[in-house]
Amino acid sequence: MSARTITAATANATIASIRARSLALTRRPAHWTRCATLFTCRSPLEPPTGKLYEGHIPISPLQRSILAVGSAFTALANPLRGDMVAALGETTGGMFLARIRDQMLLDPEGRRILRERPKITSESMQLDALRQLPDGTFGREYVRFLDDQQVSPDTREPVHFVDSEELAYVMQRYRETHDFYHTLTGLPVTVDGEIALKWFEMLQTGLPMTMLSSFFGPLRLTSEERSRLHEYYIPWALEYGSSSKLLMNVRWEEWMDRPVEEVQRELGVQPCPQV
Amino acid sequence: MASRTALLRLSRRTLSSSMAPSRTAPFSTSTKVWHQQAPKSTSDNNNNTNAGKEVETHFGFQNVPENMKEHLVKQVFANVASKYDIMNDVMSGGVHRLWKDHFIRTLAPTPGTKLLDVAGGTGDIAMRFLDYCKETHGDNSAQVTVFDINPNMLEVGKERFTKTPYHNTSQVSFMEGNAENLEHIPDNSMDAYTIAFGIRNCTHVDRVLKEAYRVLKPGGRFMCLEFSKVENPVISKVYDVFSFDVIPTMGQIVANDRDSYQYLVESIRKFPPQKEFAKMIKDAGFTVMGQGYEDLTFGVAAIHSGFKL
């Protein structure tokens with residue numbers, strides 16, 4: 001029937017039936033049971049989910065807060081405790097990981113990464129093939145960096161404390177691509193270089209762990225390193241961290257045979273000042 | 001709760017991987033150097049499926065074949081040995097020192113006592129015993145044999161004793177072995193037998209008690225300090241939250257080992273409560289006075305005692 005023939009009666013009947021159906025669906029509880037919802041919030045002593053992925057350790061909110069505080073102090077006191085740095089990132093990541101995931105969803109490359117979920121391991125990266133690339137290419141410099149530091153993509157601590165499989169992947173990807181950031185920006189793996197990179201990551205991702213490292217990490221530096229940080233690295237990070245493309249969206253595996261300068265130009269990142 | 005994968009992680013971990021060599025990258029999430037990765041082994045799975053017919057016992061809240069428990073417990077204590085004393089202080093807020101002091105005062109050793117301190121590991125009880133004899137009686141003839149199944153714990157104990165005046169004297173000796181089979185210790189040779197926070201890790205508690213009875217002289221005293229059941233429901237709830245939420249997290253922060261501390265708190269819940277354990281002591285032949293036990297800190301720990309008469 002055409003719109004003109006809808007009478008007021010049939011319209012009202014339609015609206016009433018829709019309202020009845022929606023009321024039935026929502027089943028608005030009586031007043032006293034609505035008060036009960038005040039007490040059904042998440043218990044701080046129970047883990048909110050079961051085991052969701054390989055390596056997942058579900059922890060209760062109480063454990064999470066203890067671990068966050070304890071790992072913050074331990075990581076600051078002993079920056080070589082990689083597991084504590086990892087735990088700090090995971091326990092404080094929370095909604096910021098969701099924000100990164102949403103930003104990835106806005107970009108076609110990011111969507112592809114989330115769909116295909118590539119893992120960066122020494123097999124998937126084919127390190128031996130990368131070693132054969134000419135000097136100056138991104139892949140060759142990356143492998144040189146790995147060999148100098150005696151690390152490989154397999155030595156990263158897996159994600160344990162993120163309560164969502166997709167966000168755990170985002171966290172894992174963020175960690176795995178950290179080595180690429182070093183190659184891209186040319187920052188050294190010293191304490192001040194790492195802090196400069198954390199400033200850069202803070203402007204890119206907003207993760208609380210990067211904020212904590214950026215503001216409290218410099219406490220561990222000598223005053224000479226700190227002044228170098230303030231004078232050169234931080235202004236550089238402020239400029240390029242916010243203006244460059246979100247590096248979480250980059251499919252690094254496909255940029256391996258391009259020269260480093262080209263990669264830097266495409267992504268809008270200048271190499272860090274050499275001091 | 002310790003999962004099956006956590007169990008496999010525990011059994012595969014070796015001492016060398018827990019002592020991390022130098023990595024130079026600060027604030028990095030790399031936890032191993034590349035040549036250190038644990039090999040992926042499927043042999044653990046095969047062993048577990050073949051062991052279906054064997055007798056099972058508890059390992060924390062998990063069930064494992066009996067012959068595997070000893071190995072797993074050995075692994076736990078190899079992992080925790082270097083940080084054992086710090087973790088004891090963290091987990092009990094230092095109260096374990098008060099418990100152990102009270103334990104030795106209850107034993108009240110006389111001059112010349114020969115003590116066998118089983119699961120003595122890092123030497124807390126042995127040291128307090130010798131100090132008590134020296135301070136209370138001015139006695140230097142008391143002797144203690146520190147006995148433990150785990151060589152790493154004994155190493156830590158030996159290291160601690162080098163800083164005391166008892167180092168290189170005949171007052172302290174160290175022996176490695178299994179508490180269920182004290183074959184090198186002759187019958188009726190010890191005045192006192194203590195086991196502090198060790199008996200719950202033994203696979204066969206009744207065999208440990210029988211061996212204790214054998215090696216003690218007539219008139220000798222068996223004393224056991226162990227975690228026990230808290231009867232008070234309010235304190236029990238707080239204790240449960242502390243045990244299952246705080247302790248494994250502190251284990252992870254201090255020692256990077258959540259699984260070992262998860263096992264330790266679960267094994268406490270699996271141990272028989274005070275009255276039942278007192279009955280087991282009586283069944284082994286000991287004579288108990290009164291109830292046979294004394295609660296400490298509302299039952300968080302308990303001292304059980306029996307005499308060989």
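I took contact to mean heavy atoms within 4.5 Å, and I applied this to a model that is predicted.

**Entry 1: the interface of chain A and chain B**

With that cut-off, I found that chain A brings 39 residues to the contact and chain B brings 26 residues. I then looked up the buried area, which comes to about 2900 Å² between chain A and chain B, with 57% of it on carbon and sulfur atoms. On the side of chain A, I noted that Gln63(A), Leu80(A) and Thr155(A) supply 19% of the area this chain buries against chain B, more than any other three residues.

I looked next for charged and polar pairs: the count of salt bridges between chain A and chain B is zero, whereas seven residue pairs are in polar contact across the interface, both residues of each pair being at pLDDT 80 or more.

For the side of chain A that touches chain B, I listed the elements that give two or more residues, and these are α3 (61-77), α4 (82-105) and α11 (191-205) of chain A. Of these, α3(A) gives the most, with eight residues. Sorted by class, this side of chain A holds 17 nonpolar, twelve polar and ten charged residues.

**Entry 2: the second largest pocket**

I turned to the second largest pocket, in which about 480 Å³ of space lies. I counted 25 lining residues, and the closest to the centre of the pocket are Met91(B), Ser92(B), Trp99(B), Phe227(B) and Ile247(B). The elements that give two or more residues to this lining are α5 (84-92), α6 (95-107), α10 (233-255) and α11 (258-270) of chain B, and α10(B) gives the most, with six residues. By class, I recorded 18 nonpolar, five polar and two charged residues in the lining.

How values were computed
Residues are numbered from 1 along each chain as its sequence is written. Chains are lettered from A and ligands numbered from 1 in the order in which they are written. This is a predicted model: local features need pLDDT of at least 70, side-chain atom pairs count only at pLDDT 80 or more; totals for chains, interfaces and linings use all residues. Side-chain values use heavy atoms; hydrogens and water are left out. Buried area is the accessible area (1.4 Å probe) that two parts lose on being put together, summed over both. A salt bridge is a side-chain nitrogen of Lys or Arg within 4 Å of a carboxyl oxygen of Asp or Glu. A polar contact is a pair of N or O atoms within 3.5 Å; within protein, one must be able to donate a hydrogen and the other to accept it, and residues adjacent in sequence count only if both atoms are side-chain atoms. Helices (H or I, at least four residues) and strands (E, at least two) are DSSP runs, numbered from the N terminus. Ala, Val, Leu, Ile, Met, Phe, Trp, Tyr, Cys and Pro count as nonpolar, Asp, Glu, Lys and Arg as charged, and the others, Gly among them, as polar. On a 1 Å grid over the protein atoms alone, a cavity is a set of points where a 1.4 Å probe fits but cannot get out, and a pocket is an open set with protein on both sides within 12 Å along at least five of seven lines; lining residues have an atom within 4 Å of a point. Grid points are joined across faces, edges and corners, and a volume is the space filled by probe spheres set on the points.
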